[in-house]
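Thanks for coming. I will go through one structure today, starting with strand pairing and ending with the nonpolar cores.

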Amino acid sequence: FDPGHPTVSVFVDVVVDGHPTRRVLASRSRADVDRVYRIHGNHGYTATFAWKARVHVIGVYAHLAVGGSRPTLVGTAYLNGYRPPVPLGTRIVTAAKQYVGKTPYVDGGTTPRGFDCSGYTQYVYRQAKVASLPRTAEQQRRAMRIIPASLARPGDLVFYLGGGGAYHVAIYAGGGMQYAAATPRDGIRYQHVWSSAVQYGTDWH
C-alpha cells in the first residue's frame with residue numbers, strides 16, 4: 001500500500017529474471033494487512049503466470065497510488081538454488097575485516113603474517129578478486145580513479161596526502177570509518193578517517 005494514501009489500491013509489477021511479466025492491481029481484501037498496519041483498504045493481489053525456463057529471481061515493485069514516481073521494490077524471491085552475487089564493495093570490506101586485531105603491522109609486509117598499509121590494501125583487493133594493485137600507497141593512488149568524498153563507497157581506498165603524494169592508504173568502511181594497517185603498536189585497526197588531507201579512489205564503480 002501507499003503510506004501517503006493508505007485506503008487506495010496500488011498497482012504492482014511482477015518482474016521475472018529482469019523481465020516485466022504482469023501489472024496487477026492490489027485490490028483484494030487483506031484483513032491481516034489492515035490489522036497489522038492499522039489501515040483500511042484493499043491491498044492483496046494474486047499473479048499467476050507460466051515460465052518455460054527455470055526462474056531464478058522474482059521481484060515485486062509497487063507504484064504509488066498518486067503521482068508518477070518510480071516504482072519501489074517491495075519484495076524479492078530467489079528460486080531454484082540461486083544466490084545473488086555479493087557486491088564488490090561488500091567483498092572488499094568482508095576481506096578487510098578478518099584481519100582486524102589479528103594481524104600485526106610489519107614494515108614491508110604483504111601477507112597475513114604481517115602487513116604494512118599498502119601491503120594490506122594490495123592483499124585485500126587481491127583476495128576479494130577486485131583488482132591487482134601496485135605495491136606502494138602512491139602507486140595505488142595513481143592506479144585509481146580519484147572521486148569526491150561524497151561518492152566514496154565502502155571498499156574504496158583512502159589516500160593520505162603529504163609531500164606531493166600519498167604516504168598512507170586505507171580501505172574505506174563507510175560513515176567516516178576505515179580499515180587500515182595503522183602502526184606497529186596498533187596493527188590492523190577499524191578506525192576513523194583521521195585527516196582531512198585525503199583523497200578517495202576507486203576502480204570498481
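Strand β5, residues 57–62, is joined to β6 by six bridges, and the two run antiparallel. As one example from this pair, Ala 62 has Thr 72 as its bridge partner in β6. Keep in mind that what you see is a predicted model.

Which strands sit around this pair in the sheet? The order is β2-β1-β5-β6, four strands forming an open sheet with antiparallel pairing. At the edges are β2, residues 19–25, and β6, residues 72–78, and each of these pairs on one side only. From one strand to the next, the twist averages 20°.

Now to β12. Its pairing with β11 is antiparallel, with three bridges between them. One partner pair here is Gly 174 with Met 177, the latter in β12. β11 and β12 make a hairpin, and two residues lie between the strands. In that turn, Gly 175 has a positive phi of about 65°.

β12 also pairs with β13, residues 187–192. Six bridges join these two, and they too run antiparallel. Ala 180 has Arg 189 as its bridge partner in β13. The connection from β12 to β13 is a hairpin through three residues.

Why is β12 described as largely enclosed by the rest of the structure? Six of its seven residues are buried, meaning under 20% relative accessible area, so the strand is largely enclosed.

That leads to the cores. The largest nonpolar core has 26 residues. Those with the most contacts inside this core are Ile 92, Tyr 120, Val 124, Tyr 125, Leu 157, Ile 171 and Tyr 179. Which elements each supply at least two residues of this core? There are two helices on the list, α2 (88–97) and α3 (117–127). The strands are β10 (157–162), β11 (165–174) and β12 (177–183). The hairpin strands β11 and β12 therefore come up again here, each with at least two core residues.

Take Ile 92 as a single case. What does Ile 92 touch, leaving out residues up to four places away in sequence? Its contacts are Val 124, Tyr 125, Ala 128, Val 130, Gly 155, Ile 171 and Trp 204.

Apart from the largest core lies another, of 10 residues. Among them are Ile 147, Val 158, Val 193 and Tyr 200.

That is the end of my part.

Definitions and conventions: Residues are numbered from 1 along each chain as its sequence is written. This is a predicted model: local features need pLDDT of at least 70, side-chain atom pairs count only at pLDDT 80 or more; totals for chains, interfaces and linings use all residues. Side-chain values use heavy atoms; hydrogens and water are left out. A nonpolar core is a set of buried Ala, Val, Leu, Ile, Met, Phe, Trp, Tyr and Cys residues joined through side-chain atoms within 4.5 Å. Buried means under 20% relative accessible area, exposed over 50%, partly exposed in between (1.4 Å probe, protein chains only). Contact means heavy atoms within 4.5 Å. Two strands pair if DSSP finds at least two bridges between them. Axes are lines fitted to C-alpha atoms, for helices over the stretch in contact, and angles run from 0 to 180 degrees between N-to-C directions.
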